[in-house]
Every structure is written in structure tokens, then in C-alpha cells.
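Let's take a friendly walk through this protein model. Have the structure open beside you as you read, and turn it as you go.

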Amino acid sequence: MSGRRAVLAVPVMLWASCHDAARENPLDPVLTPPVTATVSVDEKAASATVAWGRYTGRAPFLHYLVLRQQIDAEFADTLAVLTDPTDTTYVDSSLALPRSYRYRVTVVNRSGLESVSEEILVPAF
């Protein structure tokens, strides 16, 4: 009987010992919040300037990904990987006219968690 009590006591003791431990949720959006992006288009130069606010998360920064997707394409293209958190603009001079595009900026922290900005639609011009 005492062996059975010991077997039951171990899971209860493990649960009780870790229940009050303080933990930080690695998926908490406060740790790696998305940035707010904007796009301005220069029709004469056939270019788009993507700009966003600087990363403000508590998790260590790894890089920004600047993504562009043609409206009729299945996948997005990675236009740039920027490793300096102060780099907050990118000029896309590879537009094919007349096409519509969607832009997004993804923030990636050192743990690999990604946080994506809202999509910005640039209609064909």
C-alpha cells in the first residue's frame, strides 16, 4: 500500500512544484509585435517604397523580411532580409507594370517567432 501512495504522490508533487513558477509565453505578441507598414508608389520610376516603424518588442530582434506577392501568384517573394533594427525602409524597383501587388513586413525574433504586418495592396497603375 505504501508503494502505491508514493506513485500517486510523485505526479501531485511535480504539479505543485511547477504550478507557481513564473513563465513568459514565447508566443506573446507583446514580445514580438508586428510593425505598421506603408507603401508609396512612384509611377514614373516604376518603384514602390515600403516603410515601417522600428521594432519595439522585448524579444531579441533577428531581422525584418520584406515580402511582395503579385495578386495572381500563389506565393510571396522575399525582397530583402534586413538585420539592422534601424533599417525601416526598402525601395522595390523591380515592379512589372501593369500588375497589382501585396506587401508585408515580417519581424523575426532570435527564437524564430515571426510577426507579420497588415497586408498593403498596391493596385495596378
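## An open sheet

In this predicted model, three strands form an open sheet in the order E1-E2-E5, and their pairing is antiparallel. Strand E1 (37–42) and strand E5 (89–92) are at the edges; each has a single partner strand, so one side of each has no neighbour in the sheet. On average, neighbouring strands here are turned by 15° against each other, direction ignored.

Now look at how E2 meets E5: the two run antiparallel and are joined by four bridges. If you find Val50, its bridge partner in E5 is Tyr90.

## The nonpolar core

Which residues touch the most other members of the largest nonpolar core? They are Trp52, Tyr64, Val66, Tyr103 and Val105, out of 21 residues in that core. Strands E2, E3, E4, E6 and E8 each supply at least two residues, and E6 gives the most, with four.

Try clicking on Val105. Leaving aside residues up to four places away in sequence, Val105 touches nine residues' worth of names you can look up, including Val35, Val50, Trp52, Tyr64 and Val116.

## Aromatic neighbours

How many aromatic pairs does the structure hold? There are four. One of them is Trp52 with Tyr64, an edge-to-face pair with 5.3 Å centre to centre and 65° between the planes. This pair links distant parts of the chain, since Trp52 lies in strand E2 and Tyr64 in strand E3, twelve residues apart.

Trp52 counts as buried because its relative accessibility is 6%, under the 20% cut-off. Tyr64 is buried too, at 0%. Together with Tyr55 and Phe61, Trp52 and Tyr64 form one aromatic cluster.

Terms used: Residues numbered from 1 in each chain as written. Predicted model: local features only at pLDDT ≥ 70, side-chain atom pairs only at ≥ 80, totals over all residues. Heavy atoms only, no water. Core = buried A, V, L, I, M, F, W, Y, C linked by side-chain atoms within 4.5 Å. Buried < 20%, exposed > 50% of the residue type's maximum accessible area, 1.4 Å probe, protein only. Contact = heavy atoms within 4.5 Å. Pairing = 2+ DSSP bridges. Axes fitted to C-alpha atoms, helices over the stretch in contact; angles between N-to-C directions. Phe/Tyr/Trp six-rings, centres within 6.5 Å; stacked < 30°, edge-to-face > 60°.
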